[in-house]
Amino acid sequence: MLTTNVPDIAMCFSDSRFAYGPFVPHYIARQYVENYFAIRKTDAFLQLNTTVEDLSSVALPERGGARGWKLTLRKYDATRNVDVWREEFFDAVMLANGHYSVPYVPQVPGLEAYITDFPGRVSHSKFYRSPLLYESKRVIVVGNSASGHDVSADLVSAAQHPVYVSRRSKSKWDGDEPPFGISWKPTIREFQQDGRVVFSDDTYLDDIDAVIYCTGYKASFPFWNEQANKQPLWDYKADRLVKSYWHTFFRDYPNLGIVGLPRTLTFRSFEYQAVALARLWSNRNSIPLPSREDQEAWELHQTEKTRARRGKFHDIPWENGETTEYLKYLFNFAGLGTISGEGRIPPALGRDLVWAIENIHKYPEHTTQGKKKGDGGETVEEGWVLVANSCMNHLGFT
């Protein structure tokens, strides 16, 4: 297993490399997307500063009563200081509103009063920008998944040591002891009015300056008209789409699709989904969608598989080949464009990206092999691999 922080060749569209290193600031990713639209002159199709207030399935008279979609849109007119509302009708709709916008903070006794009594002390990783804001401060980081790991490691450079990390369980990159500058704590049981934070093992901390929740996000589709559409779009209890197939299609709505939901290879997987949906709606897909029964069987199998690995329904691991399987189906579904050049072809992953999927993990992972003595008598962890220049050379970054 290789672990490294190389520029992520998967975090980009196939025809525009992402020329930046690891731990990218949010404005760099935004600039990349804006430049991509501008260079390809597709920004002319954008309508910005407009919110979708309602999405309803309706019969379209101009299509002989076929079902389409009515969008109720709202745009603020600064010159008149008013909201301008309008309705538009479409044959098909592709949802691409992301799933990292609504922060999730678990309910903890006393938290609401704590936030009121100590304004600004509690925040979410969505709003984290720099460790310098926490210089010499006592900080608790809640959560030790990807965001918790990144934020706590970053804070070590500025915050007062130790940075306390509240963990529900051991993550795959945690060793037997916390890293330098970090102290592990169990889950928080209660926030008290005097500012004390009490943990599930009855230990507590006083005089805390900041609590940063790194507990993920919740999907949100506030525009979905459940009454008009006869069913919900998202099961908020199960944290998954309702009646979906391959994380992209919907059984009950052949003219509705979603892009960007699975957490795998980001922009590259967006391409595959977008091309597959475009082929479907132009009736040029190479293979048909399976029957409703087969789509239901896929959903059931995905549910069982997710439960077995204790993961999320829409997460696709890349360590076990599921990412390649997922993209391969979309690739085969879309097929080729026309001989005259219409229609984008799903991009080949290429040898470098296939190699990266098979060999590179974002974070180091500990094995269960234990420890052994090194050549100099020191204790070293088995299962760690230091990636030297050979990795960088293989990916062409040197």
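**View 1. The residue just past helix α7 is Gly335**. In this predicted model, Gly335 comes right after α7 and takes a positive phi of about 70°.

**View 2. Helix α7 from end to end**. Here's a quick check you can follow by eye: α7 covers residues 322–334, which makes 13 residues. At 1.5 Å a residue, a helix like that should span 18 Å. The C-alpha atoms at its two ends sit 19 Å apart, so the expected and modelled spans agree.

**View 3. The buried face of α7**. Look for Glu322, Thr323, Tyr326, Leu327, Tyr329, Leu330, Phe333 and Ala334: these are the buried residues of the helix. Seen down the axis of α7, they fall within an arc of 150°, so they line one face of the helix.

**View 4. What the buried residues of α7 pack against**. Three helices take part: α5 (266–281), α6 (292–309) and α8 (350–359). Two strands do as well, namely β18 (244–245) and β19 (249–250).

**View 5. An open sheet of three strands**. Moving over to another part of the model, the strands line up in the order β2-β3-β4, and their pairing is antiparallel. At the edges are β2 (50–60) and β4 (82–90), each of which pairs on one side only. From one strand to the next, the twist averages 20°.

**View 6. Strand β3 alongside β4**. Zoom in on β3 (residues 66–77) and you'll find nine bridges joining it to β4, with the two strands running antiparallel. To pick out a partner in β4, start at Thr72: its bridge partner there is Glu87.

Conventions
Residues numbered from 1 in each chain as written. Predicted model: local features only at pLDDT ≥ 70, side-chain atom pairs only at ≥ 80, totals over all residues. Heavy atoms only, no water. Helix = DSSP H or I, 4+ residues; strand = E, 2+ residues; numbered from the N terminus. Expected span 1.5 Å × (residues − 1). Buried < 20%, exposed > 50% of the residue type's maximum accessible area, 1.4 Å probe, protein only. Arc of directions from axis to C-beta. Contact = heavy atoms within 4.5 Å. Pairing = 2+ DSSP bridges. Axes fitted to C-alpha atoms, helices over the stretch in contact; angles between N-to-C directions.
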